[in-house]
Each structure stands twice: as structure tokens, then as C-alpha cells.
2 protein chains.
Amino acid sequence: MITQAIDIASSEDANLIKLRHKPAADNSTQPFKPRLHSTADTRARPIEGSIGVVGTPMKFAGKAEIYGEGEPAEYLYQVITGTVRTSKFLADGRRQIGGFYLPGEIFGLEAGEEHSYSAEAIVESRILLIKRSALVGLAARDTEVAQQLLALTWLELARAQAHVLLLVKTAQERVAGFLLEMAGRIPEGGSIELPMSRQDIADYLGLTIETVSRTLTSLENEAVISRPTSRLVVLRNRSALTRIDP
Amino acid sequence: MITQAIDIASSEDANLIKLRHKPAADNSTQPFKPRLHSTADTRARPIEGSIGVVGTPMKFAGKAEIYGEGEPAEYLYQVITGTVRTSKFLADGRRQIGGFYLPGEIFGLEAGEEHSYSAEAIVESRILLIKRSALVGLAARDTEVAQQLLALTWLELARAQAHVLLLVKTAQERVAGFLLEMAGRIPEGGSIELPMSRQDIADYLGLTIETVSRTLTSLENEAVISRPTSRLVVLRNRSALTRIDP
DNA sequence: CGACCATTTGATATGGATCAAGCGATGTGG
DNA sequence: CCACATCGCTTGATCCATATCAAATGGTCG
């Protein structure tokens, strides 16, 4: 595990990150509010809000494995910079992407004692590691930690359920849903810089790269989006997207 | 909410049920072990293991709604007898089944303060209700309750992730996976009494009833299963099924 | 018995997969 | 600095798994 870390960064800004996780259907009632990325306020809190669990920041190269399927789940991870994908291979080689994790978001939560997905950095990423045992140990005594662990698991559950809903839709709807999902997590105006490849998107949506590509092209032709470059998507007509998504 | 309850049963055997939830990939390490149904030991514990939270047993007719999408999530539910499905309608009328819950299993766990799926009894069912507020209140003080709430949420997460994996497979694989999933939860030898309709199965698997039916027929032709009646499936060759599933 | 509903079976249509080729962008070696 | 291999993405042509439309069968209940 964690064999491909490039170097253990100095901990200068380990805590200078705020917690940001995918907003659930209704996050106004969560015990803590994910603060969305904004230009001001780069100061931020370590994982788990204000709990005094400090992690180790590590740097991973793009394509570097953070942990593998089947490995013991010893840590919880928070993306500081970069992007991470979790993935799983079926017996016949097909790959399923479980999710993408952007700066501020937390991954590595697992039901059991071992990871059922692997995690890889998509681009060079700085990741904060928190020992899981430290956390669950703490949770056994500190109910506030326990609450936050529960809240994180709920977010992950909401994410998985939303993923299920995506996968029963048509190709157009999946792609539109994906774009909206990403747009909601990168609240930079209407443009989305996609750090992942078409193959990653395809494996997340249960489609082929060709279908993803064609669908983006057709959305572009319908003036719903535009693509200055293949990795940069500009939302030209968000309501059309939500209309496609249902 | 709960407008269609037929009657509030007397609580004779409210506690005579053991906790049984879908085993996750590795449940041997869970804080508590779901005990599988066996002929002996019909005595059992109320929801949440041995925690002193007692619920109210209610009876629901088949097709009765237990709670609706968007309603406040005030309760947690444990199936005593019968079967429950959770479902959600997309804007255009398509229905997605979130999951099926068999005797002993718990549903109604939600990330937010309101249900994102509705729940209906598939057949006449007895359901144990536990006030959620009582539980989370308890969890704030009792770390053991908190642990078990967390464990339940993990199970639900594992369930949703398994569902995602099902949905990216072929029709044959989905149906095979569904049969294996049900077989693993009804440990009665090799035969599965399906309480749900083909439409329910189709909406769970993201297929049409015709495809489900045809797939079952072809499995029968290949001598992998047999169907004494349309709702009763006998597994004739489980390893062939696991080979299909990958 | 007849109406109704769930399921199966049949015929046809189609969305997305597959196979194949083209097209930049980026990098490499001569 | 250019020729050219490589890689990620797009576009085109064809195929196939599953959806759709339609009808037959079978079980259940009044």
C-alpha cells in the first residue's frame, strides 16, 4: 500500500484545507456545512471539521495508486490538491469507477476492514492521510467524532445512490448528469476543467469513450455546452442540461 | 406518512426477531455479526442488537406505502415478516428500485433529514418502527449505539455499491447477480421464493420485464435454474451462476 | 365461467457497442 | 528544428443486445 508516494511533503499547509464533500440532496441539515471553494478564505480546517486528528500530507504522481483493492483500510484520505478516482476491476477486465474526489473531499471510507475499491491519483495530488484506527478509536469515546464519521458515511451513501440513478438512464442523461455533478462541485462559474480522461468518464458512467465523445459533440451541436479544449467544458445552457437529466 | 397502516399489531413478538442485514463483502469484522436465519433460535433481539430502544410493530398490506419520497425521515424500520422495496420515480415516470428488504433487515436509513426513496410493502408485512430522533439522541450519548448506527450505514453503503456494480453488467449478469444476492439472503437451500414481481426485479436491475423473463427462460434452458412456478426459482447449478456473474 | 393481472413468447426497432480510421497535440530522436 | 511515433480524442460504418410493440398463456378471484 502507498508504495508509489513520491515524497512525504513537509506539513506546512496540511491543515490549510477545508472540508468539502459532495453536497447531498439536502446538506443544509448536516451537522457541518461543507464550505464551497472560493477565492477568499484559503485558510481552512483539517479533516473532520475541528476534531483534533491531524493527518500526514503526501504527494502522489498522476496515475499513482493510493491504495489497492483488498488492502486493509487503515486510513481515511482527504484531497488537498489534485483529483482522485476510486475504481474496481471486474473479473473479465472491465473497470468500474466508483467516484471522483476533488480538493476538500474525503475518500477511503469503507464498510469493512478492507478496501473494496482501489484509489488512484488522476493528476499529481496532495493527499492528507488520517489513521482510521485513530479515528474509530476516538469515535468510541468522542461522540462528536462519531457523528462526523456518520455524516461522512451518509454523504458517501448519497453519492452511491446518486450513482445508481445515473446508471439506469440513457447516455445523454448520464453525460448531462455527470456534467451537472461536476459543475456543482467546482463552483467556478460555468466552466468545468475535467481532470479525468474520457476513459475514466466512460467507466464511471458505464459507457464507452466513443459514446461519451459523441454525446458531448451532440451537446455542443445543440449549443448546450462548448469545448474550448477537449478537457474544458463550458456550460452554455444549464437549464437544458437539467432538462435532459431528469 | 404511514397513512396506510392497517393496524397496529399487539407487541407480542415485536422483539422476537434478530437483526439480519445483507452481509457486506466482509462482515466477519463488523462490530456485530448479523446472524443468519436458521431453524433454531427464533428468539431474537430487537433492532440495533441489544440496545434498549424498543420500537412499535405495525402491519402493512401488500402495496401499502410505508413512507414517501420527500417525507421527513423520522423512523428506522426493521422487517419482521414480509418484504419491502424502496423506490424512486424519475421525472418521466421511470421507476428505480433502491433495494429489497427481507425479514430481519433494516431500512429507512437516510443521509439527510428526509427520505430520498419511498418504501412500500411488497406483500403483507410486519414492520418494527424505531424513532430516529430517539436513536440519534441516544447515539449522541451512547457510543455503542453510535457504532451500530455507523455499522448499519456501512451495510447500506455496501449495498448501494454492489448495486452500482450490478448495473454496469449485461442482462444475464444482472439477473444472475440478483439471484445470487437473493439466495445469499434467504439461506433456504437452493430455492428462492421471490416475493416481488417481474416489474420490481426489472426496475431494480434497470431492465424490462421482457428481458428479465427471457433471461430466466434461457437460464432454465441451460439447466442453471428451474422454475416450478414463476415466483419460485430453484438454483440447479450455482457455480454456473457465479461464473456468469463476474 | 369470465375478467383480470402477471408472465412468457414472438417480431421488429434502436441506442449504444464494436471495429476502424482520422486528427490534433505532445514528446522524442536524429 | 524537423520527421515521426505516440497518445487521447473524435468521427464514421456496422453490428448486436436489449427495448419496444404485440399477442398468447396461465393463474387467481369474484
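**Buried salt bridges, chain symmetry and the surface near DNA strand C**

At 2% relative accessibility, B:Arg185 counts as buried, a term reserved for residues with under 20% relative accessible area, whereas exposed denotes over 50% and partly exposed the range in between (1.4 Å probe, protein chains only). The structure is a predicted model, in which local features need pLDDT of at least 70 and side-chain atom pairs count only at pLDDT 80 or more, while totals for chains, interfaces and linings use all residues; side-chain values rest on heavy atoms, with hydrogens and water left out. Residues are numbered from 1 along each chain as its sequence is written, and chains are lettered from A and ligands numbered from 1 in the order in which they are written.

B:Arg185 forms a salt bridge with B:Glu181, the closest N and O atoms being 2.7 Å apart, where a salt bridge is a side-chain nitrogen of Lys or Arg within 4 Å of a carboxyl oxygen of Asp or Glu. B:Arg185 and B:Glu181 are four residues apart in helix α3 of chain B and are therefore separated by about one helical turn; helices (H or I, at least four residues) and strands (E, at least two) are DSSP runs, numbered from the N terminus. B:Glu181, with 16% relative accessibility, also counts as buried. A salt bridge also joins the side chains of B:Arg185 and B:Glu105, at 2.8 Å from N to O. This pair links distant parts of the chain, since B:Arg185 belongs to helix α3 (residues 171-185) and B:Glu105 to the loop between β6 (95-101) and β7 (106-107) of chain B, 80 residues apart; B:Glu105 is buried, as is B:Arg185.

Over all chains, the structure holds 30 salt bridges. In one of them, the side chains of B:Arg85 and B:Asp200 meet at 3.2 Å, N to O. Because B:Arg85 lies in strand β5 (residues 84-89) and B:Asp200 in helix α4 (residues 198-205) of chain B, the pair ties together parts that are 115 residues apart in sequence. Both B:Arg85 and B:Asp200 are buried.

Chain A is superposed on chain B by a rotation of 180° with 0.0 Å of shift along its axis (RMSD 0.0 Å), the fit being made by least squares on the C-alpha atoms of residues with pLDDT of at least 70 in both copies. This is the relation of a two-fold axis. The same surface serves both copies, as 100% of the contact residues of chain A recur in chain B, contact meaning heavy atoms within 4.5 Å.

DNA strand C is surrounded by 18 residues, of which the closest are A:Thr211, B:Arg198, B:Thr217, B:Arg227 and B:Arg231; a residue is near the strand if one of its heavy atoms lies within 4 Å of it. Sugar and phosphate make up 65% of the atoms of DNA strand C that come within 4 Å of the protein. Helices α5 (209-221) of chain A and α5 (209-221) of chain B each supply at least two residues of the surface near DNA strand C, and α5(B) gives the most, with four residues. A polar side-chain atom of A:Thr211 lies 2.3 Å from a phosphate oxygen of the strand, and one of B:Ser213 lies 2.8 Å from a phosphate oxygen of DNA strand C. For B:Arg227, an N or O atom in the side chain is 2.5 Å from a phosphate oxygen of DNA strand C.

Technical notes:
Polar contact = N/O pair within 3.5 Å; in protein donor to acceptor, adjacent residues only side chain to side chain.
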